[in-house]
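Work through the exercises below with the sequence and the model open side by side. Each task is followed by a solution that goes step by step.

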Amino acid sequence: MGKNKQLTQRSEDFSTWYNELIFRAELADHSPVRGSMVIRPWGYGIWEHMQRALDDMFKETGHQNVYFPLLIPMSFIEKEKDHIEGFKPELVVVTHAGGKELEEPLVVRPTSETVVMSMMAKWVQSYRDLPMKLNQWVNVMRWELRTRLFLRTSEFLWQEGHTLHATTEEAEEHTKIMLGVYRNFMENWMAMPPVTGLKSESEKFAGAVRSYSCEAMMQDNKALQAGTSHFLGQNFSRQFDVTFQSEVGKEEFGWNTSWGVSTRLLGGLIMTHGDDQGLVLPPKIAPIQVVIVPVKDLEDGSVLGKAESMCSELIAQGIRTKVDSRDFVNPGSKFYEWERKGVPIRLEIGPRDLENNQVVLVQRVVPEGQPKKEVLSQLEALGTMSKKLDSLQGLLLDNAVKRREDNSYRKVKTITELKEIMDGPGGYVYTGWCGDPAVELAIKEQTGATLRCIPEEEFRSTKTPHKCIGRDQKSEMEVVWAKAY
RNA sequence: CGGGGCGUGGCGCAGUCCGGUAGCGCACCUGCUUUGGGAGCAGGGGGUCCCCGGUUCGAAUCCGGGCGCCCCGACCA
């Protein structure tokens, strides 16, 4: 026994590891429909915690939730030229309903800018109605050629924020505020620190003036675009006639933003923290933060009784705790199962512990060189649990930041060097760029790397590169290259 | 959509070359003994062999055509 119970190791085959982990941790499964997935309770539970945290942040930044319909008239999607060009290949279109062919085909939303704008046009008359800040938690469909669980499925869950502002400055600022919200969430809840920045023209959202993104580095050193925030300018408001009367009585077009994160974040979570044992969950988004495993109960049921009373005390402290009281599963099996599912802390309690008023505490991840198991008094376990969860949360973030920086390269000057890194370990490569899209294309063709973003100031190198990596030209900006999901 | 691999109880596979009435491990069910890192013994249940067609006395196996999944690319959150 044993061998086939283990996951494929990350070093052996990262993709296989990723897929196996999803099945073994019971996060998701393939649905009968090609490219779409069923999110199982454990996976959805994590998503719910992520949703809650994000939704709170959206409310704090003045947004209200709404619901727009799944179906959008084809003519709406076609209104904005770049928008339809970008989305056309991925559209799922409804042509029949009620046994008849529809007069106008309906698109299953790939994103909702168009229908939101069409309604905003009705709702907004005056500058006093602005800003209008809306968000919705919905499913969308994009018929992708190659799908991967969580990373790219034909249907996925996300939130899409849509705002309308009176001035370009305000809209642009809001785009950045939401990028910051995403970054904050990724760092402080998911412990997945992204590099943030501006997308190049060729990589921006179809229909946007400017797109900003969060680029998180996975354990295989590839980048995952984990969230985007777009400044749409008046591209959509002009097409949908979203106008308002300004303070001085002039009719003006509104300025829009839109931004979204999806269940792709779960893929990012797996590839940021997962190890060869399985998933690793940051405490803040773990459906269960502490699992208590009773080991060999006594005749009088006192071991289970103690486990349950400790559980109640932890729950009273606001810690999500569960006793695994299944009597038909061996303790060893339970240990492996909860590790596979990524539960941050496990408490083991048996007759021996009962006698000594102690408990065995096992952390899913510990700082290097520290033992995973420690024995401490029940009182101490209860008293320090909250602190331990916090420090584990911090440890995961520290580890991820370190990994990201350890795999970032800042003194690369030629495409040859870039290619060597891409063919070797991979990672983020910071270089100068003249701004010519032809350089982007050449680098993509030669190295497989794409321009992830023009990083925000704090990510830039202390020594600004002064030459473009691709041409004998002055560098106009520092950019980040990486292979991406 | 191109290249490669694969579809056989829930999962992982053998059997396919060379046609003869489907098997192994894990999981599952029952009972007893166990329980501090994936338990042991005994008994038991479960499969239109991806689908459709063809060849044949007979097809998981041979032939034709579909469909699906995975991996690597190009496209994308």
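**Exercise 1.** Determine which residues come nearest to RNA strand B, and which elements give two or more residues to the surface near the strand.

*Solution.* Begin with the residues around the strand: in this predicted model, there are 40 of them around RNA strand B, and those that come nearest are Asn-19, Arg-146, Arg-264, Arg-340 and Asp-353. Turn next to the strand's own atoms, where sugar and phosphate make up 45% of those that come within 4 Å of the protein.

Then look at individual atom pairs that involve the bases. Asp-353 places a polar side-chain atom 2.4 Å from a base nitrogen of RNA strand B, while for Glu-339 a polar side-chain atom lies 2.8 Å from a base nitrogen of the strand. With Tyr-485 it is a backbone N or O atom that lies 3.3 Å from a base nitrogen of RNA strand B.

Now assign the surface to elements: helix H1 (14-24), helix H10 (331-341), strand S17 (345-349) and helix H11 (351-356) are those that give two or more residues to the surface near RNA strand B. The largest share, seven residues, comes from H10.

**Exercise 2.** Sort the residues of the surface near RNA strand B into nonpolar, polar and charged.

*Solution.* Counting by class gives 18 charged residues, together with 11 polar and 11 nonpolar ones.

**Exercise 3.** Find the cavities of 30 Å³ or more in the whole structure, and describe the lining of the largest cavity.

*Solution.* The search returns two cavities of 30 Å³ or more, and the largest has a volume of about 60 Å³. Its lining includes Val-291, Phe-335, Trp-338, Glu-339 and Arg-364. Glu-339 thus appears both in this lining and in the polar side-chain approach to a base nitrogen of RNA strand B.

By element, H10, S17 and strand S18 (358-363) each give two or more residues to this lining, and H10 gives the most, with three residues. By class, the lining of the largest cavity holds seven nonpolar residues, one polar and three charged.

**Exercise 4.** Describe the second largest cavity by its volume, its lining residues and the element that gives the most to the lining.

*Solution.* The volume of the second largest cavity is about 50 Å³, and the residues that line it are Met-192, Pro-193, Ala-216, Met-217, Thr-272, Ala-400, Arg-403 and Arg-404. Strand S10 (210-217) and helix H12 (378-406) each supply at least two residues of this lining, with H12 giving the most, three residues. The classes here are five nonpolar, one polar and two charged.

Conventions. Residues numbered from 1 in each chain as written. Chains lettered and ligands numbered in written order. Predicted model: local features only at pLDDT ≥ 70, side-chain atom pairs only at ≥ 80, totals over all residues. Heavy atoms only, no water. Near = heavy atom within 4 Å. Polar contact = N/O pair within 3.5 Å; in protein donor to acceptor, adjacent residues only side chain to side chain. Helix = DSSP H or I, 4+ residues; strand = E, 2+ residues; numbered from the N terminus. Nonpolar A, V, L, I, M, F, W, Y, C, P; charged D, E, K, R; others polar. 1 Å grid on protein atoms, 1.4 Å probe; cavity = no way out; pocket = protein on both sides within 12 Å on 5 of 7 lines; lining within 4 Å. Points joined across faces, edges and corners; volume = space filled by probe spheres on them.
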